[in-house]
Amino acid sequence: ACDEDEKPSFFKSKAFLGIVTIFSVLMLAFPYYSKIFYPDNKKDIVVVSQSDIQTIEFDVEGMTCAGCEESVKHAVNQLDGILEVKASYENTNTVVEYDKTKVDLTAIRKAINTTGYKVIDTENKKEK
């Protein structure tokens with residue numbers, strides 16, 4: 001009536017625990033390295049008149065991490081006439097510098113909204 005030691009299944013082994021631990025750490029750190037998955041969409045920009053350059057700030061709700069910021073920046077940068085985009089989930093805003101002869105505010109707003117985050121009312125946007 002001796003009990004034989006059975007080999008534990010893979011799901012009860014230290015190897016499985018190690019794999020799950022490493023996977024969990026990688027997923028928890030994802031917001032910090034998620035920007036490597038977005039292509040660099042730098043482009044040559046020709047500015048005809050400095051008076052056509054404007055800066056506007058949109059209040060954006062729903063961003064919670066650096067990955068959210070990269071998603072918004074990538075979507076807006078794909079529009080023609082965008083000079084610079086700065087998104088901040090901490091400040092819940094996106095600041096866009098653009099050429100008003102090449103892109104309008106409706107297109108910028110639509111690009112931000114297509115990412116799944118929502119631009120708050122037009123009364124809340126601030127032109128600089």
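Does glutamine 78 count as buried or exposed, and at what relative accessibility? In this predicted model, glutamine 78 counts as exposed because its relative accessibility is 54%, above the 50% cut-off.

**View 1. Glutamine 78 lies in the loop between H3 and E2.** The side chain of this exposed residue makes a polar contact with the side chain of histidine 74, at 3.1 Å. Glutamine 78 is also 8.7 Å from alanine 111, C-alpha to C-alpha, although 33 residues separate the two in sequence.

**View 2. The largest nonpolar core contains 20 residues.** Of these, Phe58, Val76, Ile82, Val96, Tyr98, Ile108 and Ile112 touch the most other members. The elements that give two or more residues to this core are strand E1 (53-61), helix H3 (66-77), strand E2 (82-88), strand E3 (93-99) and helix H4 (105-113). Among these elements, H4 provides the largest share of the core, with four residues.

**View 3. Asparagine 93, in strand E3, is a buried residue whose side chain makes a polar contact.** Its relative accessibility is 10%, and asparagine 93 therefore counts as buried. The partner in the polar contact is the side chain of glutamate 57, at 2.9 Å. When neighbours within four places in sequence are left aside, asparagine 93 is in contact with Glu57, Phe58, Asp59, Val60, Met63, Lys86, Ala87 and Ser88.

**View 4. Cysteine 65 and cysteine 68 are shown at a site without a disulfide.** The sulfur of cysteine 68 is 3.5 Å from that of cysteine 65, its closest cysteine sulfur, and this is too far for a bond because a disulfide is counted here within 2.5 Å. The count of disulfides by this rule comes to zero, and for cysteine 65, which is in no disulfide, the sulfur of cysteine 68 is likewise the nearest cysteine sulfur. Both cysteines are buried: cysteine 65 has a relative accessible area of 18%, and cysteine 68 has a relative accessibility of 7%.

**View 5. Residues 15-33 carry a "transmembrane region" feature in an unreviewed UniProt entry.** In the predicted model, the chain over residues 15-33 is 95% helix and 0% strand. The C-alpha atoms at the two ends of residues 15-33 are 26 Å apart. The placement of the feature comes from the UniProt record, whereas the helix content and the end-to-end separation are computed from the model.

Conventions: Residues are numbered from 1 along each chain as its sequence is written. This is a predicted model: local features need pLDDT of at least 70, side-chain atom pairs count only at pLDDT 80 or more; totals for chains, interfaces and linings use all residues. Side-chain values use heavy atoms; hydrogens and water are left out. A nonpolar core is a set of buried Ala, Val, Leu, Ile, Met, Phe, Trp, Tyr and Cys residues joined through side-chain atoms within 4.5 Å. Buried means under 20% relative accessible area, exposed over 50%, partly exposed in between (1.4 Å probe, protein chains only). UniProt positions are given in the numbering used here, feature names are shortened, and annotations may be inferred rather than shown by experiment. A polar contact is a pair of N or O atoms within 3.5 Å; within protein, one must be able to donate a hydrogen and the other to accept it, and residues adjacent in sequence count only if both atoms are side-chain atoms. Contact means heavy atoms within 4.5 Å.
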